[in-house]
Structure formats: C-alpha cells, structure tokens
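Me: I should like to learn how to read a structure that is new to me. Could you guide me through it step by step?

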Amino acid sequence: MSKYSTHLLVCGGTSCHSSESDAIVCNLRDELEAKGLMDSVQVILTGCFGFCEKGPIVKVMPDNTVYVQVKPEDAQAIVEEHIIKGRKVTRLLLKDPVSKEPVSDPNKMDFFKKQLRIVLRNCGFINPENIDEYIAREGYKALGKVLTEMTSEQVIKEVKDSGQRGRGGAGFSTGLKWELARKNQSDEKYVVCNADEGDPGAFMDRSVLEGDPHSVLEAMVICGYSIGASNGLIYIRAEYPLAIERLKIAIKQAREYGLLGKNILGTGFNFDITLRYGAGAFVCGEETALIHSMEGLRGEPTVKPPFPAESGYRNHPTNVNNVETFAAIPAIILKGAKWFSSIGTGKSKGTKVFALAGKINNVGLIEVPMGTTLREVIFEIGGGIRNGKKFKGIQTGGPSGGCLSEKHLDIPIDFDNLIAAGSIMGSGAMIILDEDDCMVSMAKFFLQFTVEESCGKCAPCRIGNKRLHELLGQICEGKGSIEDLDRLRNMSVVIKDTALCGLGQTSPNPVLSMMDNYYDEYVAHVKDKKCPAGQCKSLMEYVVNPENCVGCTACARVCPVNAISGERKEVHHIDPSICIKCGACMEKCKFDAIFIR
Amino acid sequence: MSKINSIADLKKKRDELQGGLGSRVNDTSNAVHVKVAMATCGIASGAKNVMEFFSEQLERRNIAAVVTQTGCMGYCYAEPTIEVKLPGQDPVVFGFVDLKRADQIIEKYVKTGELVDGIIPVNYQTIDLNV
Amino acid sequence: METIKLTIDNKEIDVPKGTTIYKAAKELGIDIPTLCYMELHDMNIENKPAGCRICVAEVSGRRTLAPTCSTKCEPGMVVKTHTPRVLNARRTVMEFILSDHPKDCLVCSKSGTCELQAMAHRLGIKDIPGAEYAAVSTYRKDTSPSIIRDLDKCIMCRRCEMMCNEVQTVGAISAVNRGFMATVAPAFEQNLEYSTCTYCGQCVSVCPTGALTEVNHVPQVLRALVDPTKTVVVQTAPAVRAALGEEFGLAPGTLVTGKMTAALRALGFDYVFDTDFAADLTIMEEGTELLDRLSRHLKGDKTAKMPILTSCCPGWVNFFEEYFPDLKDVPSTAKSPQQMFGAIAKTYFADKIGINRKDMVVVSIMPCLAKKYECQRNEFSVDGNPDVDFSISTRELASFIKQANIDLNTLHDEDFDAPLGESTGAGVIFGTTGGVIEAACRTAYELYTGKKLKRLEFTELRGMEGVRSATIDFDGLPLNIGIAHGLGNARKLLDDVRAGKSQFHAIEVMACPGGCIGGGGQPLHHGNSEIIMARAAAIYTEDRKKPLRKSHENPFIIKLYNEFLGKPGSEKAHHLLHTHYFDKKKKIIIKK
C-alpha cells in the first residue's frame, strides 16, 4: 500500500491558482525535502474546493484538516507544526462566523453544506442503465409506499404540503397542479414529462435523465396514481440521444420488473410510459405547444385557459411536469413534506439544480437549497470569475430571464426574489458575465435566440422581438439615439404585456434588466458612441500613441487592409475609415503604441 | 429478470441488492470500484476511451476491479471525471482524466494508494432515502 | 343558463357562461378592434388564434393584457378596453405589424377594402418608427389559375388556414416556418397548384389584406371588348345579382339584376345573357340523369350508382377528384351551368348569329374563383378554344364598373338578351345552398309523377345548417335528399357514400358555406354572416318574382331542345353538356 502516511492537498482550482497555489506546492515540497519527509508526505494539487473566497486552501489528510487563505510562506508552519509536531496551525484555520472559534473539520464548515443533492442524489453515483442499482438506493420504494399505504388524496396532500413548485420555470405549485388534474373527470388522463430542455446553457434535465432515469419514471407512476391516469408520455428532444437511450433501457427494465405496465406491484394499478420526440424548438417547452407537438400539430402555444389539466393531450386532462420536478418526488414521498419544506425559503421549498456557464471557473452542475445567495453560487461553489476578471453580471433563467448585477449578489435565490429583482428562476441556467461583456451586445445575443425560436404566432413576439434585435444592432453600431432607448423600453414593455405565451412575455427581460442595471453603458453607446466593454467593433477605434511609436513599420506590414501609413522611424497613423478593427496591429506592436479608443 | 409482484418482493429485492449480491452499491468485497461519468458531456470529452482503458488495463494488470458507468457528477469543467473507491476507503474523484492520467491513477493510486493530481474535492451532501 | 356578471368600461353586464370578453363588450356597444378574430356566426365558423394581439384589454387580476377574443368572462371581472396602457400597446403592436408589411397600398388590389389599412387609420398610425432599417419578411409570389398568394402581405391572422383546414378540410395551406418568417403556405412552400387546393377561394374571401387575392382577368376582358373582330358574350351567375350592390353602397340583399344588365351593356358586351338559363338546362340534364339512375336502381340494377351527386360547383368537383377519386363515377356527369352555357353559346348561338366560335369570346361573371380554373380545364375547349374564355368575379366586375365611371345606383333596369337570357326561378335559386336540389325536385317530381306540383317551395331543403336532409314524397316514392355546403360537411356525406352507408338518393354539394352567395369571388363579408343570410333571402325573393319557376317550363329551353339538342340525355346533349372526372389525387412531389 501507500508509502505515504500523509497527504497535503493544495487547491489547484483556477481561482486559487492565481492566488499562488503553485508557489505553495513548491514551498511545501521544499520544506518536506529539507525535513527529509518527502517519502512519507505527498503534496498534491487538486481541483477546486469551491471555497475560493477563502482560498488558497490546503487540506491535510487523513487528519481532515482544512487551512484557508494559505500563503506560500505558510508552508513552513504547516510542515513544522502540523506534520512534525502534530499541532494544528490555528491562525490558518477558518473562524466560525458565529462563534468565532477556529474550525478544522470541513464537515463542520458551512461551505461543504452549500450543495445539497436531492434531485441529483443518484447522478454520478449509480449506473443509470442498471435498475438494480436504483432499487438498491431505495428506488421504487416511494412508489411501493404510495400504492400500498396512501390514497391519491394523501399523495397530493403530501406533495402540496411539501411546497414544491414546478422547476420548469413558472414555479406553479406541483401539488395544486396534480389536484386540478385529479378533479377533472375523464376515462383517459395523461401524465407528461416535459424534457424539452431548450435554454442555451441549460443541461439540468439532460443530466438527470442520463444519470438517474428511474427517478423520473417512478415519479410519473406516482403522479399517474394520484391524478387517475394510466398513460405517461415523456416529451424529449431528439438532440438528446443518450438520454433517450437510457430512458428506453430504464423503461424496458421497469417493465420487465413489472414496475411499469399492468398490475404494478400486485396492486391492480396500471401505468405505462412512452417516449415522444421533439424536433428541438424552444417554444415546445411551453406546455400547450408541447402538447400540440405531441399531437402531431405545429408546435404553437394556445391561450390558457383551458389549462392542460382541463383539456390537454387529445383533449384529455393532462398533467405536465418538468424532469427536475418529477425527480424530487420520490424523495418527498419517502422523507416527507415536512422535511422537504424545511429546506429553502418562505415560498420556495427544497433545492434547485443550476447549470453554471460563462465566465466562471467551475462550469458545472450544482444543486443548492433555495435561499442560497448568488454570491455563494458564483464565488464559492462556482470558484469565482475566470482569469481573475471582475464580475459584471449573471443572467439567470436563460434568454427569458434577466441579468442581475453586483448589487443583487446577496439576494437569496428563490422564485419570488428573482422576479422582484427583475429576473426569473427559469429552468436554472446561469450565465456569468465579466467586465469584458458588453451589455448591449449581450441583450442582442439573447434576443437573437428568441427571434430564432419564436413560433411566429403572435405579432409582438414574431415582429416585435425582431425589431428589438434590430434596434440593439443599431445601438451597437453607434447608430442609436437617446430617444431610441425610450423606444427600446417601450417596445420591450409592450411585448411583455401583449405576447401570447411565456416565450414572448419574457423575451424582453434581458433588455429590460440590462437597461435597468447598466443604463450608463447604454447611454455611452448612443451618446458618446462608445462601448465601455470594448466589444462593439463599430464603436472602437485603433489609435497610435505617438509617444510610444518608434516607426518600426511592423503594424503597417501586418495590416490586412493597408490602413496604416507612416515612414520608417516616424510616427504611424491608422486611417479609421479603412480599418476593419481586426486588432492585428495591436497584437504585433512591441512598444504598446497602439491602443483602442 | 423476474417480475416484482408485490411490495414484499420489492423489499426482498432491495435487501438482496443492498447486501451486495449482484450489485456493487454497498459492496464490501475487495474489488476496486471505478465509476466513469458517462453523461453526454463526459463522453464528448473522451470518457468512453477512459472507461475502456480502465476495463482493459485493470484486468491486464491483474487488479480485481469493477468498472461501471454513471451519470454526470457535475464537474463539467473537469471532464472526463471518474470516481475510484479502494476497498475500505472513501471514494476519491479525479478530474481531467485523459489516458495518461488514467495510467497514473492505476499505477499510483490503485496500486499504492499514492494520490495523483487532479483530485476534485467533493463539496456537496447527498440525501439518504433510507429512512 | 348560468350567467356571469362582470364590468366592462364601467358598465355592468350579465352574459352566459363561456362568453368571451370581446362578445360581451360588443353587446355593450363597445367595439374592440381586432385583426385576426373573425366569426361567421350563422355558419358556426370562428377564428380566434389570439395572434394579432390588437384586441387586448386590461383585466383585473391579470399581470399582462388579455386577448379579449379568446378570454372568457369570469364573475366579477373588471375589464378596461381603452386605457392609455391598452392604447399604447395596441399602437405599438400595430406599428410592429405595419413595419413588416409592404408599403405599396397605391397599387394593392385590396386598397380600400383592406382591414389592415382600415385599422392603421382607426388607430391613428401616421408613421412607422425604425422603418428605414427594419427588415420585411418576403416570400416568392405564387400565381395559380385562380388565386394569387403574395405573402409579403400576410399578417398571420390564420383565417385562411382555419377556412382551408377546419371548414373545408382541404388542408392545402397551413402555417410554415418559424418566427419572423412564419407564414401560411402549402407544404414545403410549394405553389398552390401542386397542393390539394380546390380553388374554392374561401381563403381569399376572409383574407384581411392583399396576401390572398383572385387572379384579375379584367384586363383580358377589356382587350376582348376593344377587339372589333370579337363578339363578346357575357353570362352572369345567380349569386352575383344578390351581392353586387354591396360594392356600390347598397344594403346587403339588394337585388340589382336589371342594373347589372344595364351596366354590362354599358361596358360594351355584345350580348348580356344569364347563367340562370344554363342552370335550367342543367336541371333538364341532371334531372333526367337522376330519374334514369333512380328507375334503374329501383328495378334492382346494380350498375346504377346511388346517390347521385350534383356537379355544378367546380370547387366541389376539384375536391372529390382530389380526395374521393374512387367515387368519381358517382356524381352527375352534367357540366356546370357556366360550362353548359359556354358550350351552347359557342355552338347553337354562334350558329344562330352566324359567326365562328373563334370569333366569340364568352365571359362569365361568377361569385366564384374555382370557375377561373374550371374554364381553363382542357376538356372544356375545342381545338384549344375554350367554351368560356374568361371568368371574372363579382368583385372584379364591381371594380370594372367603377373604372368605367358607371354609377350603378342610377342605372335603369334592363332585361337580359334572348335567347340565352331567359330563365326560371329554379335557375335563380342555384345561387344558394339547397337551391340546385330544390330546382331539380321541382322538375324531377313533375317528370317522374306526371303530376303538377301543388307546392313549389321545398322549404325543408332550405336553411344554413351545414348538413341537412329531407325526404320528399314523389307520389309514394320517398326520395331521400342530402345537402351539404362547405367541403368539410361534404366530406362527412362522402365518407358515408364511400362506406356504403349513405341512405340518400341525391345529394347537393356546394363548396362554399352558404353556397354561391358565400363564394370566394363575392364582395367581402368581413366576418358578418348576416350579409350572406341577406343574399340568400334575395335569391328566394327573385325566385318568387319569376313568372316561371320550373326549369322544364322555360320556353327557350324547350326551344333549344326542339331546335338543336333533341331531348335531355340525347347523344348531342351528352357531347355538349356532359363531362367526366379524373383521379387527381396528389402525390407529394417536391418541386424546387
């Protein structure tokens, strides 16, 4: 076995890396070498601990001691005190924020409890293609409990009491939705799982289906029992072939065990599930459009009411829930409404899965209790901003959501707080923006998506979004006026107020929130014709600083359009009317003589 | 597969599986367990090759091991990711596992218990449904 | 019935449960503007995709504005339909719609009758902000024999789609593309000609803009009138006279038969005849065929196909050739009145006035767009010379009359020319649903029983129900009659025929809701079905005023048989007045 008795784990996450973790590793190794301990103590660079605010982190194993904010010069103390003398270096321990006492055990540190996996409980743990592993992890136990010990009213009450709200974006009470579907009498009812995850940057549902498909199947059967349905449909986009494959395997295995099909667990209850494929239209995530798509019709939303609970798939009462919503149901049933509702905030219970993307170090999938702050998500779990840049904003809720700024970082994330701040929870995509991102271009980027994904049914979304996109383009090109900002706002407000479905009603959110939070940047574009982030090419000008230019001609030679003139050893000049702003000259210049104005 | 016909059947099945018969979930045997995160993102980063490598090489190097796939572990920035559990020890997650690092993991961590770079500290809690 | 009390613009109202805000407001006299909503109440046709978002209003408890066309009244609701917030939203949305619309109103065929133009005026839009850089969605223009599709002008009201799919069940067009490029088109954005389109023109008759219009044949007619070598003969369908007046400000249902005749003469037509004459002729041929098949059927002849189906509606003919080609030997082989007229005009009448058929131009004035296609069918021409040269719609005629500065209202009534201008009341009622079969019954009864009818008006065959049936006592023989108007209704009866379940002896089908009076070439009803009802009433009035009301009593018809055709169903009659049908079921071919 290992020749090492002790391991020193040094956080090598990108954020800590920039805080000199390489130097720490070096110094630790030097110290160990000097003390002749290289054979028994190993220094290892690890991935991010997710606690970058207190980084760099050094963890001593097997003592399970965590040192925070370690500096390269602390190496000596760690080796001499901890390794040799076996005494903890108290000054490097985290101080408990309440008791002010030093804590060394990470299990007692809050940040290790930042993430709580309910929905993702089996993801990355079990083999999704083996039903036995799911069953060994208490799988289908909730179904057994429901079918043998609970009435449908009791199940619905439990789900209602848990306070769970739909994770697809709108946040409607799951239990209430089930109750409505149950109340509508019909011989034929349907349970539909909405797996049409379409936001750019979102992959929560895909991960759940790929990692733990049975949790969704089990929940759908439970839902079927509660509302009186015996048919389940999973609407999944065809671009998710692996998720489809794993669902197929899961359904086959569940049928073989008799957990789907006739007379489930000998209780006389019948329920089966089939897959329906979507062609990949964002609007088909809207439940009425989704239902039309499943019926073979054009994927277009219709006015609600009637809600699917009254008249859904083939005009039968239909309950549509999102993947993540379903995946939490078995846990709610087994651990109880009380437990679930103890997690989260006032009106948003449980946990939420987020996909972190953009300019963040730990791009990934996380699950945190409702009420976690954006700061915790970005700077602790997410490992902070990439390349040491400055945080500028976070787009939550995908293209339907809003962009929140520095001042919103301490908002506890829940449905209502995000709406109050001018954004939405959405399905859980979080895109982090840094100082290099232009908030006009960014709004334009999100609008581009909605323009492409609009179904074209209602005029405000079909044409209005196109006009918003065009106007943002004008502003990016320096052709906007201060009056245009008023127009931009008016168009946005009217689109929100008049569009038919959720897609159109939320599509101006990026524009509105970015105008609210970064108004100066918009003004800079229209008034000064400047892009403060340096993103809008039309508003950039490459200029030679005569003080630094030595007339080496390197820039002129690299310019692809011959925009640079000047004699050898004389100051050069860039003709802005010819310049295409490719930036080649600036890259080539060794004298820092070219800058962007 | 035989049908599970009642709630008692289901419980029996679960007890069997949790006892380690036919499953590795709570296995107490002496095998090394390697789980490879094989969600779309992992596969796209090369997880299939990594999984094949572990299956082949552990057998070739005469190490009693079970290699399985699992879903997304959530560390997208560090794909491909794997989890290695040595008998009687806590599992360790490694990120950025290319074939070179996979080889290191077998040679150093699996064979000698010596850690290698790329460890991802697990920073979450998972609920236990066994209530 | 359960009623709901709510408040709209500070006025309280009780409405039946299920009523929309739009309709409740209408009852209060509050006219909420809308572009996509349309209701033909008497035909049970409603279009409410809630897509234009012009009809929005503030509704208590709602975060966003509600589309009143499709939002049902709730107890205690407080609705405000014209607040500043609503007005601003309407204006902004209207600016959006106009920004994606061509600005060629000057030469648009809908100019003056365009609902979009009227709405821009009503909402006071004087300017389209950002128009200088706003993209406009453009599409390939498509011209078929009857209909022009210029979808640059489409505003996605989806009325055409609803008519084509839900009412007509033709399914030629539906929404295609996404977002900004979304429009309504045949599958794969093929030309209409390659689709299942029947040219019924119901899409055109509901289109609020110039996106769907008829092919304009007035210029060709004008050139024929200019040509001194041509004798130009015009025939006017029965439904035209009941609707033409609307284009000149007369109340719907005002009959303008005499003024129309005078106007046509003033326009320079050499002979002004009446399609009603040919309708009487149709009854002679079709009635004879019916009696022949019926008597063979009663004798147990299995080759005698029952029921007989009328064949005077070209949209309907196109429909069964497309969807029921296996039943193509079931409809009557009698040509439509338009084509019977052409065939007689270019033979019997051309001989009479001593000219070659090539020197005669036959123009028809029709309430119909499918007639344009019908007169172009190969089987209706002799050596490349069509029996009917041009078919123009009621709307085109109105425009033509206006171009000639003729004031229809002040014209004195004139009569049709002889011999092809004389008709009976039976010919007149061809213009409305149930009319053909009623006319056929009047004649068939008397020919079959040899007795005089005591009661001419078969009111049991009248009405606006989509599918109707009645049993007529033919002196002891109960004759089961079915009637359908609207192709979706026809499909129901045809499905029964195909399944061998039909109990009818004869079925009348008209492609358009209401029959020809609701045809695709008629003055636009703008969603007011009362207009169509008034036209039907006018048709029955004209019938009552006619001294002769049974086709077989038309002296000129009798003379035509005596002088030229012999008797109904004769070889010559077959050659000139009957046709055959084709299997036109479309295979999907993608043309690039």
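Reply: The discussion below concerns a predicted model and turns to chain B, then to its partner chain.

Me: Which elements make up chain B, and in what order do they run?

Reply: One begins by listing helices and strands from the N terminus. Chain B holds four helices and five strands, and their order is α-β-α-α-β-β-β-α-β.

Me: What does the C-alpha trace of chain B span along its principal axes?

Reply: The trace extends over about 50 × 30 × 25 Å. The chain is also divided into domain 1, residues 1–28, and domain 2, residues 31–131. Taken over C-alpha atoms, the centres of these two domains of chain B are 25 Å apart.

Me: How many of the residues of chain B count as buried?

Reply: Burial is read by counting neighbours around each residue. In chain B, 40% of the 131 residues count as buried. Contacts add a view along the sequence: among those in chain B with a separation of 6 or more, 57% join residues 24 or more positions apart.

Me: How many residues of chain A are in contact with chain B?

Reply: An interface is read from both sides. Here 59 residues of chain A are in contact with 47 residues of chain B. The side belonging to chain A comprises 27 nonpolar, 18 polar and 14 charged residues.

Me: Which strands join chain A to chain B, and do they run parallel or antiparallel?

Reply: Strand pairing is read from bridges. Strand β7 of chain A (residues 115–117) and strand β5 of chain B (residues 124–126) run parallel and are joined by three bridges. L116(A) stands opposite Q125(B), a residue of β5(B).

Key. Residues are numbered from 1 along each chain as its sequence is written. Chains are lettered from A and ligands numbered from 1 in the order in which they are written. This is a predicted model: local features need pLDDT of at least 70, side-chain atom pairs count only at pLDDT 80 or more; totals for chains, interfaces and linings use all residues. Helices (H or I, at least four residues) and strands (E, at least two) are DSSP runs, numbered from the N terminus. A residue is buried if 20 or more other C-beta atoms lie within 10 Å of its own, exposed if 12 or fewer, and partly exposed in between; C-beta atoms are placed from the backbone. Two residues are in contact if their C-beta atoms, placed from the backbone, lie within 7 Å. Ala, Val, Leu, Ile, Met, Phe, Trp, Tyr, Cys and Pro count as nonpolar, Asp, Glu, Lys and Arg as charged, and the others, Gly among them, as polar. Two strands pair if DSSP finds at least two bridges between them. Domain bounds come from an automatic or database domain assignment.
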